[in-house]
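Student: I have a new model open and would like to learn how to read it feature by feature. Could you walk me through it?

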Amino acid sequence: PLRPAPRPVDRVLETFTIYLQETRGAAAATCRRNVEYARRFLAPRSGVAEVTLQDLRPEELLRFVVEQTTACAPGTAGLIRGALRSFLRFAHVHGLCDASLAAAIPKVARWRRAPLPRSLSNGQLAALLRSFDVQSATGRRDHAMVVCMAGLGLRAGDVAALSLDDLDWQAGTLRVGRGKERRASLLPLTTPVGRALVGYLRHGRPRTPERRVFVRHQLPVGQPLTSQAVSAAVRQAFLRARLDVPAKGAHVLRHTAATRMVRAGASLKEVADILRHRSLETTMIYAKVDLPTLAAVALPWPEVRS
């Protein structure tokens, strides 16, 4: 059967995708997110014969942002705002709207370093790791993935992309490929992470020509895992461990890794290097978890005499 001709909105979104990839050099996840929010924004215009935003009013932008961000955390709301600004800049370049519209998008209130990062205590992390059946191949795989995230602060996408070629056993390093940082980084291959990886590679990983470290154990066997599959394995582990914690996603393991490093005496610069933060400002939130150091440098209240 003949495929239906693409709608004008679909053609605009396709061009927007190419703009993000080739002109802006955006990462794949950023492209998907920005295009998805642009699709939602253009939904009321999906049936038009020609997409034009010349009649777009600031009130319409405000209404869309409010609708999309009402139930979101400030960080997610900021991403939505950024996606819409990116689309409007593209639309201006392609003559679809006026340049001033992007400035009409309201800012999202976000107090930097206000909340403490959510992390697991040593006991909670131990309970999470005990939830894996390391006698099974799948259990060894998922256990190794969580050890990588909790030990080195890897993201779910980093774990999914990890290749056998990224492991340098002789030098004791692990290479994390291009991701949000758009450059490869070398991380220390710590003993717990190395042992977990060796246990999986020797006794759990199926035979496959695939070079990715973590692969499927069900059909199609040997194909690489996606970042969504990595995140799902983490959520299942939290359910098995029955941990009463506010955050049960893969990213809490990254926060846990950073918190444990700070409490072990690592400097913020060292933590930033491990987490691959582009700015030390991002890492500053972890200063608040080092309570003994903060107490040591805090000045006494003037009226208090010891």
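Tutor: Gladly! Let's begin with a term: two residues are in contact when they have heavy atoms within 4.5 Å of each other. Keep in mind that this is a predicted model.

Student: Thanks. Let me try that on one residue: which residues is Asn 34 in contact with, leaving aside its neighbours within four places in sequence?

Tutor: Those contacts are Phe 16, Leu 20, Ala 83 and Ser 86. Asn 34 itself is found in helix α2.

Student: Is Asn 34 buried or exposed?

Tutor: Buried means under 20% relative accessible area. Asn 34 has a relative accessible area of 6%, so it is buried.

Student: Before going further, what does the protein's secondary structure come to?

Tutor: There are 13 helices and three strands. Of the 306 residues, 40% count as buried. Among contacts between residues at least 6 apart in sequence, 59% join residues at least 24 apart.

Student: How should I read a helix such as α4?

Tutor: Start with its span. α4 has 20 residues, which at 1.5 Å a residue should span 28 Å; the end C-alpha atoms are 29 Å apart, so the two agree. Then look at its faces. An α-helix has 3.6 residues a turn, so residues three or four places apart point the same way.

Student: Which residues of α4 are buried?

Tutor: Among them are Ala 77, Ile 80, Arg 81, Leu 84, Phe 87, Leu 88 and Ala 91. The buried residues of α4 pack against α1, α2 and α3. Just after the helix, Gly 95 takes a positive phi of about 70°.

Student: Let me pick Leu 88. What does Leu 88 touch, not counting residues up to four places away in sequence?

Tutor: Leu 88 touches Leu 56, Leu 61, Cys 97, Leu 101, Ala 102 and Ile 105. With 2% relative accessibility, Leu 88 counts as buried because the cut-off is under 20%. One of its touching residues, Leu 101, is placed in the loop between α4 and α5.

Student: And what is Leu 101 in contact with, apart from neighbours within four places in sequence?

Tutor: Leu 53, Leu 56, Leu 61 and Leu 88. Leu 101 is buried too, its relative accessible area being 8%. For a sense of the fold here, Leu 101 and Arg 89 are twelve residues apart in sequence and 8.6 Å apart in space, C-alpha to C-alpha.

Student: How do I read a nonpolar core?

Tutor: In soluble globular proteins, nonpolar side chains tend to be buried together. In this model the largest nonpolar core has 50 residues, of which Leu 128, Met 149, Leu 197, Phe 214 and Leu 253 touch the most other members. Elements that each supply at least two residues of this core include α5, α6, β2 and α8. α6 gives the most, with eight residues. A second, separate core of 28 residues includes Cys 31, Leu 53, Phe 87 and Ala 102.

Student: What about pockets?

Tutor: Rolling a probe the size of a water molecule over the atoms shows where empty space is left. Here, the second largest pocket has a volume of about 230 Å³. It is lined by 13 residues, and the closest to its centre are Thr 30, Asn 34, Gly 82, Ser 86 and Arg 89. So far we have met Asn 34 in α2 and Ser 86 among the buried residues of α4.

Student: Which helix gives the largest share of the lining of the second largest pocket?

Tutor: α4 does, with six residues. The lining divides into four nonpolar, five polar and four charged residues.

Student: Finally, which backbone details deserve a look?

Tutor: Try the peptide bonds and the phi angles. A cis peptide bond joins Leu 219 and Pro 220, with omega about -10°, and Pro 220 is in the loop between α8 and α9. Arg 242 has a positive phi of about 55° although it is not a glycine, and Arg 276 also has a positive phi, near 65°.

Student: Are those two arginines buried or exposed?

Tutor: One of each! Arg 242, in the loop between α9 and α10, counts as exposed at 77% relative accessibility. Arg 276, in the loop between α11 and α12, is buried, with a relative accessible area of 3%.

Key:
Residues are numbered from 1 along each chain as its sequence is written. This is a predicted model: local features need pLDDT of at least 70, side-chain atom pairs count only at pLDDT 80 or more; totals for chains, interfaces and linings use all residues. Side-chain values use heavy atoms; hydrogens and water are left out. A nonpolar core is a set of buried Ala, Val, Leu, Ile, Met, Phe, Trp, Tyr and Cys residues joined through side-chain atoms within 4.5 Å. Buried means under 20% relative accessible area, exposed over 50%, partly exposed in between (1.4 Å probe, protein chains only). Helices (H or I, at least four residues) and strands (E, at least two) are DSSP runs, numbered from the N terminus. On a 1 Å grid over the protein atoms alone, a cavity is a set of points where a 1.4 Å probe fits but cannot get out, and a pocket is an open set with protein on both sides within 12 Å along at least five of seven lines; lining residues have an atom within 4 Å of a point. Grid points are joined across faces, edges and corners, and a volume is the space filled by probe spheres set on the points. Ala, Val, Leu, Ile, Met, Phe, Trp, Tyr, Cys and Pro count as nonpolar, Asp, Glu, Lys and Arg as charged, and the others, Gly among them, as polar. The expected span of a helix is 1.5 Å times one less than its number of residues.
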